[in-house]
Amino acid sequence: MLNDFLTFMLCFLPDPRASVRKAAISAVEKIASNNTALQSLIFSRLDDAATSVRSTAILAAGRICDPQDQAIVRKLASFMEVADPSSQVAAQQALGRLLQRGSKAPLPVLQELLWHPSPQVRESANAALDRLPQQMQWL
């Protein structure tokens with residue numbers, strides 16, 4: 001049954017319409033939390049050309065990825081440095097969500113971004129750190 005769903009979603013993720021790709025990501029996210037194959041489908045859309053699809057994938061990744069996965073944390077953090085404000089906000093929220101999930105993985109990346117030349121990136125990193133749970137604030 002899962003393979004049928006995976007096959008079905010594979011038809012929609014490359015659809016030329018951004019709204020269809022975005023809906024497919026949202027559908028996959030609902031069942032992807034413990035399935036690396038489904039998670040990889042979401043991760044494959046992180047570089048989508050459409051801003052709305054990319055932002056949806058960024059937010060979904062922050063909710064369902066392994067919170068200790070340094071590679072995905074770095075990928076999410078990279079969107080805080082792009083010119084697209086929607087991707088920046090999505091990355092900030094995704095990294096903040098990882099912190100709320102108890103992950104320490106975003107801390108070094110966010111610490112680096114606090115020294116970024118762009119004031120906007122620094123503010124965004126600081127905003128993500130604002131979501132740090134109280135029990136982790138001494139770290």
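**Exercise 1. Where is Met80 found, and is it buried or exposed?**

Solution. Keep in mind that we're working with a predicted model.
- Step one, find the residue: Met80 is in the loop between helix H5 (70-78) and helix H6 (85-100).
- Step two, check the cover: the relative accessibility of Met80 is 0%. The cut-off for buried is under 20%, so Met80 counts as buried.
- Step three, look at who does the covering. Skip the neighbours within four places in sequence, and Met80 is in contact with Gln88, Ala91, Gln92, Leu95, Leu110, Leu113, Val121, Ser124 and Ala125.
- Step four, try a separation: Asp69 sits eleven residues from Met80 along the chain, and their C-alpha atoms are 18 Å apart.

**Exercise 2. Take Glu81 and work out which residues it is in contact with, leaving aside its neighbours within four places in sequence.**

Solution.
- Start with the location: Glu81 is found in the loop between H5 and H6.
- Next, the accessibility: a relative accessible area of 46% makes Glu81 partly exposed, because that class lies between the 20% and 50% cut-offs.
- Now the contacts: Glu81 touches Leu113, His116 and Val121. Leu113 and Val121 also turn up in the list for Met80.
- Finally, a distance: Ser118 is 37 residues from Glu81 in sequence, yet the C-alpha to C-alpha separation is 8.4 Å.

**Exercise 3. Classify Asp4 and Gln111 by exposure, then give one C-alpha separation for each.**

Solution.
- Asp4 belongs to helix H1. With 59% relative accessibility, Asp4 counts as exposed, since the bar is over 50%.
- For the separation, pair Asp4 with Ser44: they are 40 residues apart in sequence and 19 Å apart in space.
- Gln111 lies in helix H7 (residues 106-113). Gln111 comes in at 52% and counts as exposed.
- Pair Gln111 with Leu129, and you get 18 residues in sequence and 8.9 Å between C-alpha atoms.

**Exercise 4. Describe the overall fold: how many helices and strands are there, and does the radius of gyration agree or disagree with a compact globule?**

Solution.
- Count the elements: there are eight helices and zero strands. Read from the N terminus, the order is α-α-α-α-α-α-α-α.
- Compare the radius: a compact globule of 139 residues would have a radius of gyration near 14 Å, and the protein has 15 Å, which agrees.
- Add the box: along the principal axes, the C-alpha atoms fill roughly 45 × 30 × 20 Å.
- Check the inside: 45% of the 139 residues count as buried. Of the contacts between residues at least 6 apart in sequence, 60% join residues at least 24 apart.
- Check the outside: the accessible surface is about 7400 Å², and 55% of that belongs to carbon and sulfur atoms.
- Tally the charges: 14 side chains are positive and 12 negative, with the centres of the two sets 3 Å apart.

**Exercise 5. Which helix has the lowest confidence, and which the highest?**

Solution.
- Begin with the whole chain: the mean pLDDT is 89, and 93% of the residues score at least 70.
- Then go helix by helix: confidence is lowest in helix H1 (residues 2-12), at a mean of 73, and highest in helix H4 (residues 51-64), at 96.
- Apply the usual caution: where pLDDT is low, predicted coordinates should not be read in detail.
- Link back to Exercise 3: Asp4 is in helix H1, the helix where confidence is lowest.

Notes
Residues numbered from 1 in each chain as written. Predicted model: local features only at pLDDT ≥ 70, side-chain atom pairs only at ≥ 80, totals over all residues. Heavy atoms only, no water. Helix = DSSP H or I, 4+ residues; strand = E, 2+ residues; numbered from the N terminus. Rg over C-alpha atoms; globule rule 2.2 N^0.38 Å. Buried < 20%, exposed > 50% of the residue type's maximum accessible area, 1.4 Å probe, protein only. Contact = heavy atoms within 4.5 Å. Areas by Shrake-Rupley, 256 points an atom, 1.4 Å probe, with all protein chains shown as cover. Lys, Arg positive; Asp, Glu negative; His and termini not counted. Charge placed at Lys NZ, Arg CZ, Asp CG, Glu CD. pLDDT = per-residue confidence, 0-100.
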